[in-house]
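Here is a short walk through one protein model, with the sheet, the helices and a few loop residues in turn. Keep the viewer open while you read.

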Amino acid sequence: MLLIDLKMATVRKIVSTPKGVQPIRGVYSQAVIADKTMYVSGQLGLNPETMEFVSDDVQEQTKQALTNMGHILEAGGSSFDRVVKTTVLLADINDFAKVNEVYSTFFTTHQPARAAYQVANLPKLGKVEIEAVAIVGEVTTSKL
């Protein structure tokens, strides 16, 4: 029998803010923090108040998706400069340069590791969705 020492248990915190988009379909959280790591669910370019895309333009959707992510990061005690990994999902991989142009204005000091994929379909037929993993608390950056 395995006994768990509750003093060693990891605390899971659910992050939710009205400034971010509420879950569209399914059961998931805007973000979850485990220990000092925040996992931010994929963000679309939706206006949180109307739940409609801000535009059909991939750059406008990217800007809104990252703005939404910023509100969630802030609500969880983190920020863009503490993001360590992102995944960018694109309806059309040919939009990558346009997305990257906007993306680079949000990740200005410490660029996270990143993967980008073209997918068959995104929720609500979006053009871009971005998820992230971030650190909560102080971070020291060094290069190897």
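Is Lys124 buried, partly exposed or exposed? Lys124 counts as partly exposed because its relative accessibility is 32%, where buried means under 20% relative accessible area, exposed over 50%, and partly exposed in between (1.4 Å probe, protein chains only).

A word on the ground rules. This is a predicted model, so local features need pLDDT of at least 70 and side-chain atom pairs count only at pLDDT 80 or more, while totals for chains, interfaces and linings use all residues. Residues are numbered from 1 along each chain as its sequence is written, and side-chain values use heavy atoms, with hydrogens and water left out.

**The sheet**

Six strands form an open sheet in the order E1-E2-E3-E6-E4-E5, with mixed pairing. Strands here are DSSP runs of E with at least two residues, helices are runs of H or I with at least four, and both are numbered from the N terminus. Two strands pair if DSSP finds at least two bridges between them. At the edges sit E1 (12-15) and E5, each pairing on one side only. On average, neighbouring strands of this sheet are turned by 15° against each other, direction ignored; axes are lines fitted to C-alpha atoms (for helices, over the stretch in contact), and angles run from 0 to 180 degrees between N-to-C directions.

Now look at E6 (residues 128-135). It pairs with E3 (residues 37-43) in the antiparallel sense over five bridges, and with E4 (residues 83-90), also antiparallel, over seven bridges. Val133 in E6 is a handy landmark: Tyr39 stands opposite it, and Lys85 stands opposite Val133 too.

**The helices**

How do H1 (residues 58-75) and H2 (residues 96-106) meet, and at what angle do they cross? Their axes come within 9 Å and cross at roughly 30°, so H1 and H2 count as roughly parallel to each other (angles under 35 degrees; over 145 is roughly antiparallel, 65 to 115 roughly perpendicular, and the rest oblique). The contact, meaning heavy atoms within 4.5 Å, involves Val58, Gln59, Thr62, Lys63, Leu66 and Thr67 of H1, together with Lys98, Val99, Glu101, Val102, Tyr103 and Phe106 of H2. By class, that makes six nonpolar, three polar and three charged residues. Here Ala, Val, Leu, Ile, Met, Phe, Trp, Tyr, Cys and Pro count as nonpolar, Asp, Glu, Lys and Arg as charged, and the others, Gly among them, as polar. H2 also lies across E4, E5 and E6, running at about 145° to E4.

**Loop residues worth clicking on**

| Residue | Loop | Relative accessibility |
|---|---|---|
| Asp35 | between E2 (31-34) and E3 | 61%, exposed |
| Ser79 | between H1 and E4 | 22%, partly exposed |
| Lys124 | between E5 (113-118) and E6 | 32%, partly exposed |

Most residues other than glycine have a negative phi. Asp35, though, has a positive phi near 60°, and the phi of Lys124 is positive and near 60° as well. As for Ser79, its C-alpha atom is separated by 18 Å from that of Ser142, 63 residues apart along the chain.
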